[in-house]
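User: Please take a close look at one part of this model for me. I would like the open sheet and its surroundings, with the salt bridges treated along the way.

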Amino acid sequence: MRFSQMAIALAENGADILTYPSAFFFGTGAYHWEILLRARAIETQCYVIAAAQTGNHSSARKSWGHSLVVDPLGTVIAQCSEEPGFVLAPIDLSLIKSIRQSMPLECHRRYDIYPKMISSTLCRTKSIEDFNEFKFGSSIVKGLQVFYKTELSLAFTNIKCVLPGHVLVAPLRAVEILTDLSNYEVVLLFLAVKKDGPHAGQTIKHVHVHIIPRKSGDFLVNDDIYRKLQNEKYCTDPMRSYDEMAQEAKLLRSLF
């Protein structure tokens, strides 16, 4: 509850209610408990529910208690005392929507001058199968090809492979050159590249990265791989079926 970045990341990934089960120390409870929770509600425009341990546990340990509920405006709408007990409070999701529309904090954060906190686990609000297709330059990537996705990037199986396991990583937004990407898009793109593998070699007008598993001796002259990539569109190898790519994506998806 002391760290606003996590609360903001949760809200930006769809949270409307934040919960903080706590055992807050009595010595700082009077100073920090309520104000920290109200701050988390105001900055995320979420309801905050904090269930708190209370009572004496030893001569050196006493918990603050004061379980409470805060609305998205930062108003404490229900609160216990130091005594054991519970409270009930109404949750109005339309209030969250109204506040976020009138004060769109998410649109005004300056991620061009400071980094946005991200977590790949937070980004998985939908399964890959929920997305039918993605635009990739003038082509279409089907959801069944995608084996890894972040908020602004995705990795997918390739329709023509230079070597077995040849996959692509690209930003969701279609841009032609790297400098057209925002700093945050670049971060997510290359975090995905780093996760997929360190070794790789533009015919599609959409920034992307090739991930190509290499083996000793796979090319007689090592740099021939770059020439093959350059001439990929003239490759005479047969195009793979969607069923074949879907099976490969299913295997890769299980590893992520």
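Analyst: This is a predicted model. Start with the helix that covers the sheet. Helix α2 spans residues 26-44. It lies across β1, β2, β5 and β6. Its direction makes an angle of about 30° with β5. Strand β2 covers residues 47-50.

Now the sheet itself. It is open and has four strands. Their order is β1-β2-β5-β6, and the pairing is mixed. Two strands form the edges: β1 at 17-19 and β6 at 76-79. Each of these pairs on one side only. From one strand to the next, the twist averages 15°.

In general, strands of a sheet pair through backbone hydrogen bonds, in either a parallel or an antiparallel sense. Here, β5 and β6 take the antiparallel sense. Strand β5 consists of residues 68-70. Three bridges join β5 to β6. One contact can be named by residue: V70 has V76 in β6 as its bridge partner.

Next, the edge strand β1 and the surface. I17 is found in β1. Its relative accessibility is 37%, so I17 counts as partly exposed. That value is over the 30% that a patch residue needs. I17 belongs to a nonpolar surface patch together with I49, I91 and L93. The four residues have about 300 Å² of accessible area together.

Just before β1 comes a charged residue. D16 sits in the loop between α1 (4-12) and β1. D16 forms a salt bridge with R100. The closest N and O atoms are 3.0 Å apart. R100 belongs to helix α3, residues 93-102. The pair therefore links distant parts of the chain, with the two positions 84 residues apart in numbering. How exposed are the two partners? D16 has a relative accessible area of 28%, so it is partly exposed. R100 stands at 24%, so it also counts as partly exposed. Both values fall between the 20% limit for buried and the 50% limit for exposed.

Side chains of opposite charge can pair when their charged atoms come close. A search of the whole structure finds eight salt bridges. The D16 and R100 pair is one of them. Two further pairs serve for comparison.

The first is D218 with R214. Their side chains meet in a salt bridge at 2.9 Å, N to O. D218 is partly exposed, with a relative accessible area of 25%. R214 is partly exposed as well, at 29%.

The second is E244 with R240. Here the N to O distance is 3.9 Å. The cut-off for a salt bridge is 4 Å, so this pair is counted. E244 is partly exposed at 41% relative accessibility. R240 is at 16%, under the 20% limit, so R240 counts as buried. This pair does not stand alone: salt bridges that share partners join R240, E244 and E248 into one network.

Finally, the whole chain as a backdrop. The protein chain has eight helices and 12 strands. It holds 256 residues, and buried residues make up 39% of them. The accessible surface comes to about 15100 Å². Carbon and sulfur atoms account for 57% of that surface.

Key
Residues numbered from 1 in each chain as written. Predicted model: local features only at pLDDT ≥ 70, side-chain atom pairs only at ≥ 80, totals over all residues. Heavy atoms only, no water. Pairing = 2+ DSSP bridges. Axes fitted to C-alpha atoms, helices over the stretch in contact; angles between N-to-C directions. Contact = heavy atoms within 4.5 Å. Buried < 20%, exposed > 50% of the residue type's maximum accessible area, 1.4 Å probe, protein only. Patch = residues over 30% accessible without salt bridge, like charges linked within 9 Å, V, L, I, M, F, W, Y side chains within 5 Å. Areas by Shrake-Rupley, 256 points an atom, 1.4 Å probe, with all protein chains shown as cover.
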